[in-house]
Amino acid sequence: MLRFLLRSLLLGALVCSTVLVASFLLSRASGNLAINIAGPEASAEAIAKIQHELGLDRPLPVQFYDWAARAAHGDLGRSFLFHEKVSSLIATHFPVTFRLGVFAIVLALVVALPLGIAAALLEGTMFDIAIGAVALLGQAMPSFWLGLLLIIWFGIDLHWLPIAGVETWTGYILPSFVLAFVAIPVILRLTRSGMVDAMRADYVRTARAKGLSRASIVLKHALRNAAMPVVAVSAVQLGFILGGSVVVEVVFNIHGLGYLAWESIGKGDFPVVQAVVLLFSLIFVGLTVASDLVSALLDPRVRGA
Amino acid sequence: MSPVLEVRDLRVRFGAMAAVRGIDLAIERGQTHCLVGESGCGKSVSALAVMRLLPRGAKLEAGAIRFADEDIARLPERAMRRLRGDRMAMIFQEPMTSLNPAYTIGSQMTEVLRTHRGMGRAAAVERAEAMLARVGVSAPGMRLGQYPHQLSGGLRQRVMIATALLCEPDLLVADEPTTALDVTVQVGILKLLADLKRDLGLAMLLITHDLGVVARIADVVSVMYAGEIVEHAPAGQLFAEPLHPYTRGLLRAIPVPGKVKRGEKLATIPGIVPRTEAGFRGCAFRDRCGFATYECAEPIAARVEGAHRWRCRLEAGWREAA
């Protein structure tokens, strides 16, 4: 168990550093921050002066090392555009995205689990086929488009829900639904296939032979085994949801981390981009490790080993 | 005394395939009835039909299953649930997969008592522990807290047996209970089943393909072939004087240590089991039988002589030409 944990942590660290190097290079290649700050009419000397002040004229490895060394001590630097510490920018934007992500994954589970179980129990019926078709459709639908559709229907036509922002809690409903929509098909299909397998398993036949109630057979004996991979995948899906918040926050004009990332990428505000990428990759790796751990804990065969 | 279980003309179909084609069975208290035959002959399907646990796609087409003074062949599922695990219990071939890997032995045993007897936790645990001790499980208190993967195959099968017997059923259906076990473990399990049957007065329906198992444990034997019982007799009589050519073939196919010579081919029955669709007529064994005549394509009436019953045109006392 300890070796398993150490191995996943090591792999996670490798993933994080790779992502950081890649994002560092890509953001440097995508535009010149000094030009953005100085404005399009600035002279070459002015741009060079700004570049020198920000240290952008140094070789890339030096810049990266400098940034990484500071980040390791908790100093993520200052935003070039907002004139604010990056860490405080993140502190104000993160809670919004976090709330959005948690709402979305809870919503996804609440919808996907019962539908997946029902589809498995009604395997091969019209209900099962319809659920499968809807799930496929959901997987294929781009979330920005779904977001816009929902804004038109529920926000503009029906006036039920706000079309942008999260000033009230109702503002979270549409964006969390859009985010959940991506995770629902994945969780639903996994729940369905897990339940189909479990309901055919020998131990379910034993449970029937023992005269247990239908509820006990489905919810205790079958679901417990089908749930193991679902829990693992849900943690990873939460990572995807947080990543997907970049698109959804822009569509719904919500000032969370995703919006911050989008804004700073567009303007070449490297310190912010790097910090957000670092945070997202840490969260993603953390969730992956957590999902491995949780599924190990759920399975007595792994737990004891 | 009326039998604990009495099956009349049981028929089960999988689509067009007739898996069980009208079998009769009767098992009395304290009796072990072995249903023997090769894979696919319908013996396991018959056992599942008796428990009303047929898989989806299988249809209980006709027949009466008299158990506990009622015909349970048409009993609603809710009423069947009250009988299963309480008055009738079943154990399976795969002790590895028949226990739920996610729950402890204790949890899987006590749920039976809680469901059928409404027992509290403490009482149920006490009873489960006593039953584990009864079936020869060492350190039963510790086992209750263990998970299936921590137990050996033989122990798991003992756990299955203990679980089946918690409510003191009248009927125990055992589907190949020793097939997946090591030979030495098999003997222990068979002995245990024999002891339990005697002590608890169980009626036991034991499904097996292994004539060695039959010889050890059976009081009465029914030999199944292609969905029919082709021969039925008290165990001693069946081994002493098998009357159906199929039964004779089966018995001849058992290699006897010391008699089998190296390099000599083992006896087999040539041919394969036919697919019996609905409307199949005559003896299903005729294509593989050395004694078949044109008569065998017509429906064959069962011959009865005392407790011996066989479905063949050949009369008692027939001899194979030397």
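Colleague: In which order do the eight strands of the open sheet in chain B stand, and what is the pairing?

Modeller: The order is S6-S7-S8-S3-S9-S10-S12-S11, with mixed pairing. This is a predicted model: local features need pLDDT of at least 70, side-chain atom pairs count only at pLDDT 80 or more, and totals for chains, interfaces and linings use all residues. Residues are numbered from 1 along each chain as its sequence is written, chains are lettered from A and ligands numbered from 1 in the order written, and side-chain values use heavy atoms, leaving out hydrogens and water.

Colleague: Why is one side of S6(B) and of S11(B) left without a neighbour in the sheet?

Modeller: Strand S6 (88-91) and strand S11 (303-305) of chain B each have a single partner strand, so one side of each stays free of a neighbour in the sheet. Strands are DSSP runs of E, at least two residues; helices are runs of H or I, at least four; both are numbered from the N terminus.

Colleague: How do you know that S3(B) and S9(B) pair?

Modeller: Pairing takes at least two DSSP bridges. Strand S3 (residues 32-36) and strand S9 (residues 220-225) of chain B have four, in the parallel sense, so they count as a pair. One bridge joins B:His33 to B:Val220.

Colleague: What makes H11(A) and H12(A) a left-handed crossing?

Modeller: A crossing is left-handed if the near helix is turned anticlockwise from the far one by less than a right angle, and right-handed if clockwise. H11(A) and H12(A) come out left-handed. Their angle is about 145°, with axes 9 Å apart. Axes are lines fitted to C-alpha atoms, for helices over the stretch in contact, and angles run from 0 to 180 degrees between N-to-C directions.

Colleague: Which residues meet there, and what is their class?

Modeller: Contact means heavy atoms within 4.5 Å. Among the residues that meet are A:Leu257 and A:Ser264 in H11(A), and A:Val272 and A:Phe280 in H12(A). Nine are nonpolar, one is polar and none is charged. Ala, Val, Leu, Ile, Met, Phe, Trp, Tyr, Cys and Pro count as nonpolar, Asp, Glu, Lys and Arg as charged, the others, including Gly, as polar.

Colleague: Which class is absent from the lining of the largest pocket?

Modeller: Polar: the lining has eleven nonpolar, seven charged and no polar residues.

Colleague: How do you know that S1(B) and S2(B) pair?

Modeller: They share eight bridges, antiparallel, so the pairing rule is met. B:Phe14 bridges to B:Met17 in S2(B).
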